[in-house]
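Reader: I would like to learn how to read the interior of a model such as this one, starting from its core and moving outward to helices and unusual backbone angles. Could we take the features in turn?

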Amino acid sequence: MQELPVYRVGEGHDTHRTVSGRPLMLGGVHVTAEFGLDGHSDADVLLHAVIDAILGATGQGDIGEWFPNTAAEWKDADSVELLQHVTDSVVKDGWKLENLDCTICAERPRLGEWKPQIRRRLADLLNVSSADINVKAKSGEAVGPVGRGEAITASAVVLMTRMPKDSK
Ligand SMILES: [Zn+2]
């Protein structure tokens, strides 16, 4: 009998404060804006949500446990490297990403035109086809921290599979 893979979903969510004088990184893409996001690393809010979703699906805690924001090692870290570190580890454990769906909430800049580029970049970084990635963008409807332009948030959901450990 053919063994079925193990299916696991994971979700991730992240928030960063907007701040002037830093580049705005979203999904590993440098998005043109008059401000960036504050944080210990490059504050790529979308990649952080994706990392947490992957760690969630594979039952490995959260991004803060993997990359403590007190660690000098991760100061101004490129979040692409953090993601690579996590994906290398889960691939070694036999996990495969089936699909990623994510949402970025930002009042400014308008992200509609950036979505295709962010989608391609995520597909490259995660070693899957663009068809397995979906990127959604919303405004903050002018209310709350996102709507006032004080923060950008992102959320992500992934489905991961791996063959049961005892099967070959
Ligand atoms: Zn973050």
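Reader: Which residues touch the most other members of the largest nonpolar core?

Author: In soluble globular proteins, nonpolar side chains tend to be buried together. In this predicted model, the largest nonpolar core has 42 residues, and those that touch the most other members are Leu-46, Val-50, Ile-51, Ile-54, Ala-156 and Val-158.

Reader: Which element gives the most to this core?

Author: Helix H1 (45–57) gives the most, with 10 residues. At least two residues each are supplied by E2, H1, H3, strand E5 (96–105), H4, strand E6 (133–138) and strand E7 (151–162). To follow one member outward, take Ile-54: leaving aside residues up to four places away in sequence, Ile-54 touches Gly-10, Val-86, Thr-87, Val-90, Val-158 and Met-160.

Reader: Which residues of H3 are buried, and which are exposed on the other side?

Author: One reads a helix by asking which residues are buried and where they sit around the axis. The buried residues of H3 are Ser-79, Leu-82, Leu-83 and Val-86; because they cover an arc of only 95 degrees around the axis, they lie on the same side of H3. On the other side of H3, Asp-88 and Lys-92 are exposed. The cover over the buried residues of H3 includes strand E2 (24–26), helix H1 (45–57), helix H2 (63–66) and helix H4 (115–126).

Reader: How far does H3 reach from its first C-alpha to its last, and what follows this helix?

Author: Helix H3, residues 79–92, has 14 residues and reaches 20 Å between those two atoms, close to the 20 Å expected at 1.5 Å a residue. After H3 comes Gly-94, whose phi is positive, near 95 degrees.

Reader: Where do Ala-43 and Glu-141 lie, and is each of them buried or exposed?

Author: Here one reads the backbone angle together with the surroundings. Ala-43, in the loop between strand E4 (36–37) and H1, has a positive phi near 60 degrees although the residue is not glycine; Ala-43 counts as buried because there are 25 C-beta neighbours inside 10 Å. Glu-141, in the loop between E6 and helix H5 (144–147), also is not glycine and has a positive phi, near 55 degrees, but Glu-141 is exposed, with 10 other C-beta atoms within 10 Å.

Reader: Which residues does a cis peptide bond join?

Author: The angle to inspect is omega. A cis peptide bond joins Arg-108 and Pro-109, with omega about -15 degrees, and Pro-109 belongs to the loop between E5 and H4.

Notes: Residues are numbered from 1 along each chain as its sequence is written. This is a predicted model: local features need pLDDT of at least 70, side-chain atom pairs count only at pLDDT 80 or more; totals for chains, interfaces and linings use all residues. Helices (H or I, at least four residues) and strands (E, at least two) are DSSP runs, numbered from the N terminus. The expected span of a helix is 1.5 Å times one less than its number of residues. A residue is buried if 20 or more other C-beta atoms lie within 10 Å of its own, exposed if 12 or fewer, and partly exposed in between; C-beta atoms are placed from the backbone. The arc is that of the directions from the helix axis to the C-beta atoms. Two residues are in contact if their C-beta atoms, placed from the backbone, lie within 7 Å. A nonpolar core is a set of buried Ala, Val, Leu, Ile, Met, Phe, Trp, Tyr and Cys residues joined through C-beta atoms within 7 Å.
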